[in-house]
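Me: I'd like a close look at one part of this model: the annotated positions and what lies around them. Please take it step by step and give me the cut-offs as you go.

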Amino acid sequence: MVVATNLGFPYVGAKRELKKLVESYWSAKTTEAELRQGVQEIQAKHWKLQQAQGLEHIPSGDYTLWDRVLDTAHQFGAIPARYQNISNPLDQYFAMGRGLQKPATETTPKVDVPAMEMKKWFDTNYHFTVPEFEIDQAFTLQNPRAVEQFKTAKALGIQTRPVIVGPVSFLKLGKPVKSGEQFDTLSLLPKVLPLYVELLKQLAEAGAEWVQIDEPVLIFDLDAETKLAFERAYKTLKAASSLKLLVAAYFGRVENNIYPLKDLVDGLHLDFVRAPQELEQVLPLIGENQVLSLGLVDGRNIWINNLEQSIQLAEKAVAALGKDRIFVGPSCSLAHSPFSTEFETKIEKANPELFSWLSFSVQKCKEIVTIAKALNEGRDAVKAELAANAAAVESRRTSPQTTNKEVRERVAQIPASAWKRASPFPVRREAQVKKLNLPLYPTTTIGSFPQTKEIRIARQKHNKGELSDADYDAFIKAQMKEVVDFQEKVGLDVLVHGEPERNDMVEHFGHLLYGYDFTQNGWVVSYGSRCVKPPVIFGDVSRRGPMTIDEIKYAQSLTSKPMKGMLTGPVTMMKWAFVRDDIPAKDLCAQVGLALRDEVDDLEAAGIPCIQVDEPAIREGLPIRRADWDAYLEWSVACFRLSTSGISDETQIHTHMCYSDFNDIFDAIVALDADVITIENSKSDEKLLKIFETKQYTNEIGPGLYDIHSPRVPSVEEMKKRFADMLKYIPDHLLWANPDCGLKTRQWPETEAALVNLVEVAKYFRSLK
Ligand code: GLN
Ligand code: ZN
């Protein structure tokens with residue numbers, strides 16, 4: 001029979017219970033015993049909930065207090081030297097994840113260790129802890145999480161399927177320690193495998209039957225050596241273990257990366273949401289004794305599954321392999337989707353139609369069960385579920401809420417001329433120089449100024465209705481005036497309004513656009529205990545009306561210096577939201593691009609001479625496979641240009657990116673054709689500037705002069721040195737002076753001191769001319 005399975009569950013909990021627990025432990029309000037007790041209660045609730053949905057393979061070992069890759073490193077003893085003298089294992093674990101600062105006491109010395117590096121988990125917005133390995137790394141097995149959790153569930157009478165991070169992914173996702181010799185982390189495979197054998201043994205002894213081994217690196221472009229490592233690893237594990245091994249890949253296609261696993265393991269889980277086209281190639285590769293686990297329900301989003309479509313795909317697999325060799329499940333762990341729609345009472349009331357299209361993790365479990373039941377017992381056995389789903393799918397397809405005819409027509413008819421500025425940069429520059437009359441090395445900031453407690457309180461009061469619109473408006477105006485006066489006093493050249501009215505660069509605009517909505521409880525983990533609640537894009541996007549004109553116009557009225565309008569770019573507006581999956585990403589991006597274009601045009605008409613369109617998400621949106629990069633960059637760059645090309649030559653377009661490591665997409669950045677780009681730089685060890693040795697950037701550019709993530713005030717001397725470095729690569733007339741990023745997380749005193757110094761640096765270099 002087809003088995004209904006799950007790969008992982010949103011461990012943070014329905015109401016972010018885990019966050020509260022660990023944060024209380026960190027502030028010493030909860031003891032370790034209380035923390036463990038609390039965590040077991042959450043786990044028990046989650047297992048029972050999944051069981052109640054009808055799932056047969058329920059995961060254990062997917063629960064983590066910080067990150068599953070960190071769990072793996074910690075349990076195998078891959079603990080960097082700087083954490084080794086922290087004696088309590090739990091505190092050591094958290095120190096690795098989030099750093100630890102403790103003053104000395106009478107009996108213990110002072111502790112001050114930073115966290116290990118975090119990196120984005122494939123193309124999700126989750127960040128994992130990057131393991132660090134020594135060239136002669138020794139591994140030990142201590143207190144494996146999967147065994148512990150499996151036993152906890154068992155004691156409750158629930159048979160679970162333990163999940164572990166596989167050996168090849170564990171090593172491949174790690175890095176050699178910085179100070180040591182460079183080596184290929186995969187060379188440690190022979191050392192770590194015996195401990196994996198031991199881990200499987202412990203799971204078998206505890207009574208497990210299947211074990212899910214996550215090997216998401218199977219979706220990378222893999223070299224021959226890594227493929228060999230897969231063969232070697234799973235030959236060893238299979239020979240040594242009586243357990244049934246299910247190797248799981250997700251987030252993309254695997255292509256021929258799975259060849260080495262043919263006939264080696266007992267089952268493969270693949271992501272047929274991201275790569276439905278792979279089913280036909282994969283079926284002949286599944287050996288006679290192997291199970292194929294079909295990832296059919298999208299674990300990355302919030303939308304209902306098209307059950308009929310999933311059943312049809314699964315039927316092809318059943319026809320080829322038989323019911324006994326098929327599992328169905330989510331595409332990946334459900335930890336990337338929010339908990340349950342039951343808490344979305346606002347949407348349920350205000351927009352029942354939209355509510356009927358939503359499916360969070362709990363609902364997704366039910367969808368998986370329904371698909372399995374339809375395959376096992378026929379569609380009639382789940383008639384009501386299928387009918388309700390078909391109706392919701394149909395309403396979503398045809399609803400005026402998702403489809404706005406005018407927007408569709410406008411996108412279909414974008415003239416070729418709208419995708420680029422009317423004149424090439426040198427011509428625009430001449431017009432802008434004349435209009436703006438800026439000094440050499442103009443100074444500016446990236447947009448936001450300190451978001452003080454006062455601002456947050458006013459916003460909260462306004463949201464609660466305790467502060468009237470008029471009073472809030474007056475408050476925001478006063479804030480803008482303070483920021484403008486401050487910039488005048490400091491002597492900056494291109495001013496900003498400071499973004500006091502924005503809580504977040506995406507959510508703020510989401511409220512001003514059609515097609516966006518907001519959940520009450522749609523939290524997903526970003527890293528550790530930190531969760532984000534992305535807006536939802538459910539329909540065609542267009543402006544409700546002008547979005548920023550009043551504020552920017554007011555700010556401009558306060559000064560004779562040029563004011564810079566401030567918008568969030570189309571790619572970032574999409575990437576930092578839950579996006580609809582019923583139209584292609586590039587069409588949605590064009591819709592957002594057009595909405596922004598209208599705003600850019602209005603800003604110009606209101607007399608704003610400079611307009612910045614931030615695109616920090618372009619780099620992070622890059623697809624995993626190289627072969628997919630060009631197509632992505634083509635539409636994402638085109639949509640940025642669409643939003644910024646409706647204006648005359650003399651209006652100056654700025655853009656900003658946070659990621660210093662943009663060398664691999666340099667050509668795309670050139671293709672944005674912004675008049676000025678400001679870019680994070682101060683932490684990049686000149687990596688950013690190095691590219692200019694071989695490639696030329698011909699438009700204006702402001703690599704950040706100081707790091708805004710720290711309260712530290714950069715001295716004039718250190719910024720002078722950085723500026724001199726930049727002048728080695730960038731011609732005088734193209735160089736700007738600015739910080740790395742927005743200043744919203746900083747306090748006023750350090751902001752003032754840093755910007756005074758920055759202006760002094762620009763003046764100093766002008767005086768040399
Ligand atoms: N304009 C935004 C700010 O200054 C840019 C933020 C970002 O790049 N992440 O805050
Ligand atoms: Zn930034």
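**The annotated sites and their surroundings**

Reply: Let's start with His 709, which counts as partly exposed because it has 13 C-beta neighbours inside 10 Å. On this scale a residue is buried if 20 or more other C-beta atoms lie within 10 Å of its own, exposed if 12 or fewer, and partly exposed in between, with C-beta atoms placed from the backbone. Before going on, note that this is a predicted model: local features need pLDDT of at least 70, side-chain atom pairs count only at pLDDT 80 or more, and totals for chains, interfaces and linings use all residues. Residues are numbered from 1 along each chain as its sequence is written, while chains are lettered from A and ligands numbered from 1 in the order in which they are written.

His 709 carries the UniProt annotation "active site", from an unreviewed entry. UniProt positions follow the numbering used here, feature names are shortened, and annotations may be inferred rather than shown by experiment. The residue sits in the loop between strand 23 (700-703) and helix 27 (716-729); helices (H or I, at least four residues) and strands (E, at least two) are DSSP runs, numbered from the N terminus.

The same kind of record, again unreviewed, places a "binding site" at Ile 446, Gly 447, Ser 448, Glu 499 and Asp 614. These positions span 169 residues in sequence, yet no two of their C-alpha atoms are more than 13.0 Å apart, so they gather at one spot. Gly 447 belongs to the loop between helix 16 (425-436) and helix 17 (453-464), and it is buried, with 25 other C-beta atoms within 10 Å. Glu 499 is in the loop between helix 18 (469-490) and helix 19 (507-510); with 24 C-beta neighbours inside 10 Å, it also counts as buried.

Setting aside neighbours within four places in sequence, Gly 447 is in contact with Val 496, Glu 499, Met 566, Gln 612 and Gly 742. Contact here means C-beta atoms, placed from the backbone, within 7 Å. On the same footing, Glu 499 touches Gly 447, Ser 448, Met 566 and Lys 744.

Now to ligand 1. Among the residues surrounding it are Ile 446, Gly 447, Ser 448, Met 566, Asp 614, Gly 742 and Lys 744, where a residue is near a molecule if its C-beta atom, placed from the backbone, lies within 6 Å of it. The shell divides into 6 nonpolar, 4 polar and 2 charged residues; Ala, Val, Leu, Ile, Met, Phe, Trp, Tyr, Cys and Pro count as nonpolar, Asp, Glu, Lys and Arg as charged, and the others, Gly among them, as polar.

Met 566 leads us to strand 19 (residues 564-568), where 5 of its 5 residues are buried. Lys 564, Met 566 and Thr 568 point one way, and Gly 565 and Leu 567 the other. In a regular strand the side chains alternate between the two faces of the sheet. Strand 19 pairs in the parallel sense with strand 20 (residues 610-614) over 5 bridges, pairing requiring at least two DSSP bridges. Within that pair, Leu 567 stands opposite Val 613.

Strand 23, which comes before the loop of His 709, pairs in the parallel sense with strand 22 over 4 bridges. There, Ile 677 stands opposite Ile 701. Strand 22 is also joined, by 4 bridges and in parallel, to strand 21 (residues 652-657), where Thr 655 is the bridge partner of Ile 677.

Conventions
Contact = placed C-beta atoms within 7 Å.
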